[in-house]
Protein chains: 2
Amino acid sequence: MSVPAPLHPLDPLSPAEIAACVSAVKAKVKENEHGEHRLWFKSIQLIEPPKKLLAPWLDQWHAAGRGHRNILPRLPRNAVVLMGVKRPKSTTWYEIFVSLDGKAKVTETISAPTHLHVPPDMAEMMAAEEALLKHPEFLRAVEKMQLPPHARVVADGWIYGADSEERTNRHTPFMVYLNLTNGEHEDSCHYSAPLPIVPVMSSDDFSLVRIDYCPIFGTGEKTILDLDGPFPWHLYVTNEYDAALVEASGVALRTDVKPYRVIQPEGASFSLEGRVINWQKWSFHIGFNYREGPVLSDIRYDGRKVFYRVSVSDMTVPYGDPRAPYHRKQAFDLGDIGAGLCANSLQLGCDCLGEIHYLDFDHFGVDGQAQAIKGAVCIHEQDEGLGWKHTNFRTNRPSVVRNRVLVIQTIITVANYEYIFAWKFDQAAGVHLETRATGILSTAAILPGETSPYGNVVSPGVLATNHQHLFSVRIDPSIDGHNNTVVQEDSVTMPYDKANPPENNRWGVGYVVEKTPVTRSGGYDAAPEKNRVFKITNPSKINPISGKPVAYKLVPTPSQLMIAHPDSIQYARAEFGEHHIYVTKYRDGELYAGGKWTNQSTGNAEGMRAYIGRGDAVENEDIVVWHTFGLTHNPRVEDFPVMPCETHTFSLKPNDFFSKNPAIDVPPSTQTFNQSNLYKAGCAGCKDGGCGCQAKGIACKCKAGECNRTGKL
Amino acid sequence: MSVPAPLHPLDPLSPAEIAACVSAVKAKVKENEHGEHRLWFKSIQLIEPPKKLLAPWLDQWHAAGRGHRNILPRLPRNAVVLMGVKRPKSTTWYEIFVSLDGKAKVTETISAPTHLHVPPDMAEMMAAEEALLKHPEFLRAVEKMQLPPHARVVADGWIYGADSEERTNRHTPFMVYLNLTNGEHEDSCHYSAPLPIVPVMSSDDFSLVRIDYCPIFGTGEKTILDLDGPFPWHLYVTNEYDAALVEASGVALRTDVKPYRVIQPEGASFSLEGRVINWQKWSFHIGFNYREGPVLSDIRYDGRKVFYRVSVSDMTVPYGDPRAPYHRKQAFDLGDIGAGLCANSLQLGCDCLGEIHYLDFDHFGVDGQAQAIKGAVCIHEQDEGLGWKHTNFRTNRPSVVRNRVLVIQTIITVANYEYIFAWKFDQAAGVHLETRATGILSTAAILPGETSPYGNVVSPGVLATNHQHLFSVRIDPSIDGHNNTVVQEDSVTMPYDKANPPENNRWGVGYVVEKTPVTRSGGYDAAPEKNRVFKITNPSKINPISGKPVAYKLVPTPSQLMIAHPDSIQYARAEFGEHHIYVTKYRDGELYAGGKWTNQSTGNAEGMRAYIGRGDAVENEDIVVWHTFGLTHNPRVEDFPVMPCETHTFSLKPNDFFSKNPAIDVPPSTQTFNQSNLYKAGCAGCKDGGCGCQAKGIACKCKAGECNRTGKL
């Protein structure tokens, strides 16, 4: 049976397509009924059509217009399946290419590279956890700690990382904690009771590799094995985030947060044709895959091409505690796990306000059976204050428009931690990526009275280690066409000599903009002290007003880059952690700044270093721009037991792309439209009668004698 | 007659107090009935009580509690009047101190310094404009340009600046433009038709000083006097921002922006006692003065002192075109003009959404008569997305709270330009200042076909000059008390040698936080490459969890600082433009980073350089922290005819101030509370019946044959 065609060639694989892939693979590689080997489906991913086919197709799509899509040719539809054959003692991994044109069929099978590792997955982690929790060696190690009867051991699978160039087997380390409610409350925050052991399991056969013992002083590597007595678990206190448990702990929830509702009486201002959204002159396609999460493609404004594809490419989270086994902690949350797979099911009225549209993510279990994340993406409008304003001081007439934005949001949970990714589109043709880091810190045990140079004590016995989050965002521009040039622009002081001032700068106030086109692929850095901006220009299209090439500008976030020593494996693994901006020549499939296989990589993952290593010419070429930014997170006590969002936004703004402010046609902000209300004061603790509460129709709550001095509010 | 006492010693001067000041001054300095001299009231300002009186009073105020304020002592109430005696040929300026305790009386009169200049004011500018527009020399200069009959000349008073250390008289230069509608539409954007002359008027007697001719090529200093023919004004096109004029120009306003309303069915969550606001454990006093605009004082969280006083202290806007007369363009919008005086009358449903409370600003005309800006400050709550979230991957239970903020907003118009200042308080005890730059660029004439290294052509014949905006924010901390220490913290790589790894960093991943306390007053710089933060600590109060001093942290914005050459007058005048952070020892009245008198200052305005020049000890002392940040603005075509907001936020966040996340008690975000709605698609251009529009209850707008391929949305 033929697989139904997608509406759009970038639409994620449908359940039918996923099922077809699984069937096609199973037809080739039979499952062993007797358990000698088992097929383990790790990922099934759309292979986006090559740009040379897709780019013209997208132009045709736009030319055809709504209601006439049926005249468009069907592009080849291909997927790649990452599948393992798990045998009791070993697993072999394959990449199996499937064509979905007509009846699904396998077109090629290759072995996954043996010098790199396939990612772990949740099923492997859960299986390893189950095996760990009943493993006699682990139980003996736990028993030695003489833990209390009301505590239950919880083990969170983590990423193994790497500490040398040697290839190790595929491992899952476990961060071990206590649930201090004896498991009665599954949402009790076990991160406030970390145990100082890290058992390491095989990700393939779920056997115990070894148990690592962790340092428990602020410095040095002494472990519980060096203590005279058992581990003093008594130091832990419950430190809860779950509302019911917070209340149960005696902390009253606030009662003075009054409702705040976003009402859109005429509905949202966007419309959808399948997964292509139209909003305020913007149009683009919203894709989604297991690794990058949301992918926005064919982004156009008022019909003009702006970006071919944007996505978060990868992220690395290196930790700064140099002591074993913590030195290995370095997650690549996208490459190692997958932002799509970790997406939250977003819920109405919780994660955003107003009129919300949700997109589901269809995927599958390791057995190939269909699964779905309901509401993996939410789409809504947001008011972001004023868009622009001018008051004519002669007429006192204000011209004011608000800044409505369209938000495409995904929230991911990676074990203890959360990331919120929101792409925002505004009415002045700007595109913004807002990232928020929240969730729970990765914690380690520390003895009472100790402090550490490697982190902060955030709860008794709990060390939250210093770490970084570095994101890599992939921006494939199409500024009025696919051939673009990146130009670095610095604002620099003009030469001046006070004693002998030059003719063109007699008072020393002049500055000019120094423009340096990026000619070869490579890494480039932020320089806020020079107001450095990177303009993505189309040198063939000149703005009729300014006479300069049309452009979008990127002001790079000047975050601290990798702190790890440049000679370390941690540094080598973070292929995108050396510079803020990378420019590469476009190649189909070159999507992963950290390399395609980041899990336990040792610094040769064929990611950004390979991409830029070609030294391609990138002037007036089809290029990709990558931005690395993030935060060095030295935890505060306030970041525990759950962390208030650390928010960061970077923007792509038109710069001489249009011939005037593109938001000039946004209707003025008026009370008729917005219907706001004047604040009505409640009783302010004043004596009834004296304060005028009664006259104002306010219920007066005062006792006699409580009137304030002037008797008025 | 006694002047009524204020409710709170920081309340702005009331109309009665202003009137009492004017009367007291007039009783001393009689107005001349025959016009030989005239009293000119420039500013009447509250002198805030000295900290040694006010700080204990504020503690008493909190201790007394609502309804018991009448037990508090009355603090001395003093004001200072800046008044000129204008005579036909000269003006003398006085600072007159008035006591408002009991009957108002003048306590001291001093002459304004003669080596510095008093600010201009709107009345002077309007008087000078009136005189200019009928001045024969100016009319002759205009006539020579052979302007069209449909054009009317408009002249905007500006700031004169300075270009040498020599003292000049007090001048008002005029930026001259054409209103291309012959003045028929007063809101027509004359900034799109700049004329290349800058007449300079005396700010004192409104006489014409001279007419400066401006460069009209992209480089060099040739003016219209160097042209063979008249100035080619024909090159100008109307380029409007006023909605009615935009529409009249043939641009249709968008019709697809659907209403978006913020409804607070139970009202706002804040309460006011006079000008003291209480919201979500925060309390503070909202002052306002002609110069700084809003001033927030006695900021406490859950009863604990956090900041004694925060305000925007000054701002400088230096321009980078080195050619006369533009080289002199450098505004100090607060020091030269006054943010309070320029405040917009904010209007319901335009400038913010939801339940809004407004505060008026009572002031006076130059004649001393009462005036008021209605709604100079607006106060409202805003939803800013998620506050924190964690999903337990085992139970799939999300814990999610939203981030409600309280916003104190003022918008100022300084001739062509607008600034929006919004102080934001969040539920996790963070304080943020959001600045938005918008309004209209200061423009200059440029001949057709010319481009300039000093700016960008944003409309035919219109050069928008490159410039900077540097804000200085004054933060007077009281982190659990008035004696605080600023500690600079850098995240730095630990030493590592791969060949011979040190014992404490065997894999090269370690990093530590280098702490440098600021011991002497001075300037300090941002260093994002080291993740530099400045912690304002109270070394006497130790956080019981982390063992570190309680603190609030400031992550400085690493904006480009003054680009002008360090030997230039422009650079000298920007006393706060050399560093991102300044730390000074507190002194009463030391409020102005640019100096008290910035107008036409030449670099010796007794501002920041004098404050830090004392070299005070600032460790564990009563200190003030100042943050300089801003933007280098090299205009885009998209910034014209009105500029989309350039937004910037910096934050003050608790860092080991609390013993856990202070937002842990915010109730969960639920649909019951938020009442959001599922998006309802409209007809997506699909054939009635085939798409299921009817079944979904959607009005189908398609013609026959317009159904999309799959027949579903």
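This short presentation covers the arrangement of the two copies, the annotated sites of chain A, and two sheets. Please keep in mind throughout that the model is predicted.

I begin with the relation between the copies. Chain B can be superposed on chain A by a turn of 180° with a shift of 0.0 Å along the axis, and the RMSD is then 0.0 Å. The two copies are therefore related as by a two-fold rotation axis. Which residue of chain B comes closest to the rotation axis? That residue is Val262(B), whose C-alpha lies at 2.4 Å from the axis. As for the contact between the copies, the same surface serves both, since 99% of the contact residues of chain B recur in chain A.

I turn next to the annotated residues of chain A. An unreviewed UniProt entry places the feature "active site" at Asp333(A) and Tyr417(A). These positions span 85 residues in sequence, yet no two of their C-alpha atoms are more than 10.1 Å apart, so they gather at one spot.

Let us take Tyr417(A) by itself. The unreviewed UniProt entry also carries the annotation "modified residue: 2',4',5'-topaquinone", which covers Tyr417(A). In terms of secondary structure, Tyr417(A) is found in strand β19 of chain A, residues 417–426. Is Tyr417(A) buried or exposed? With a relative accessible area of 5%, under the 20% limit, Tyr417(A) is buried. What surrounds this residue? Setting aside neighbours within four places in sequence, Tyr417(A) is in contact with three histidines, His467(A), His469(A) and His633(A). The contacts of Tyr417(A) also include Ile412(A), Ala437(A), Thr438(A), Gly439(A), Ile440(A) and Met643(A).

The other annotated position, Asp333(A), lies in helix α6 of chain A, which comprises residues 333–337. Asp333(A) likewise counts as buried, at 5% relative accessibility. Not counting residues up to four places away in sequence, Asp333(A) touches Asp314(A), Met315(A), Val317(A), Gly338(A), Ala339(A), Val414(A) and Tyr419(A).

I move on to a sheet in chain A. Three strands form an open sheet in the order β21-β23-β22, and their pairing is antiparallel. Its edge strands are β21 (443–445) and β22 (455–459) of chain A, each of which pairs on one side only. On average, neighbouring strands of this sheet are turned by 40° against each other, direction ignored. Four bridges join β22(A) to β23(A), residues 462–465, in the antiparallel sense. Within this pairing, Val457(A) stands opposite Leu463(A) of β23(A).

Finally, I consider a sheet in chain B. This open sheet has four strands in the order β5-β6-β7-β8, again with antiparallel pairing. At its edges are β5 (152–157) and β8 (208–213) of chain B, each pairing on one side only. Here the average turn between neighbouring strands is 30°, direction ignored. Which helix packs on the sheet? Helix α4 of chain B, residues 136–144, does so, and touches β5, β6, β7 (197–202) and β8 of chain B. The direction of α4 makes about 15° with that of β8(B). Within the sheet, β5(B) is joined to the antiparallel strand β6(B), residues 171–179, by six bridges. One residue pair may serve as an illustration: the bridge partner of Asp156(B) in β6(B) is Met175(B).

To close, I return to chain A, where the two positions annotated as "active site" are Asp333(A) and Tyr417(A). Thank you for your attention.

Conventions:
Residues numbered from 1 in each chain as written. Chains lettered and ligands numbered in written order. Predicted model: local features only at pLDDT ≥ 70, side-chain atom pairs only at ≥ 80, totals over all residues. Heavy atoms only, no water. Pairing = 2+ DSSP bridges. Helix = DSSP H or I, 4+ residues; strand = E, 2+ residues; numbered from the N terminus. Axes fitted to C-alpha atoms, helices over the stretch in contact; angles between N-to-C directions. Contact = heavy atoms within 4.5 Å. Least-squares fit on C-alpha atoms with pLDDT ≥ 70 in both. UniProt positions renumbered as here; feature names shortened; annotations may be inferred. Buried < 20%, exposed > 50% of the residue type's maximum accessible area, 1.4 Å probe, protein only.
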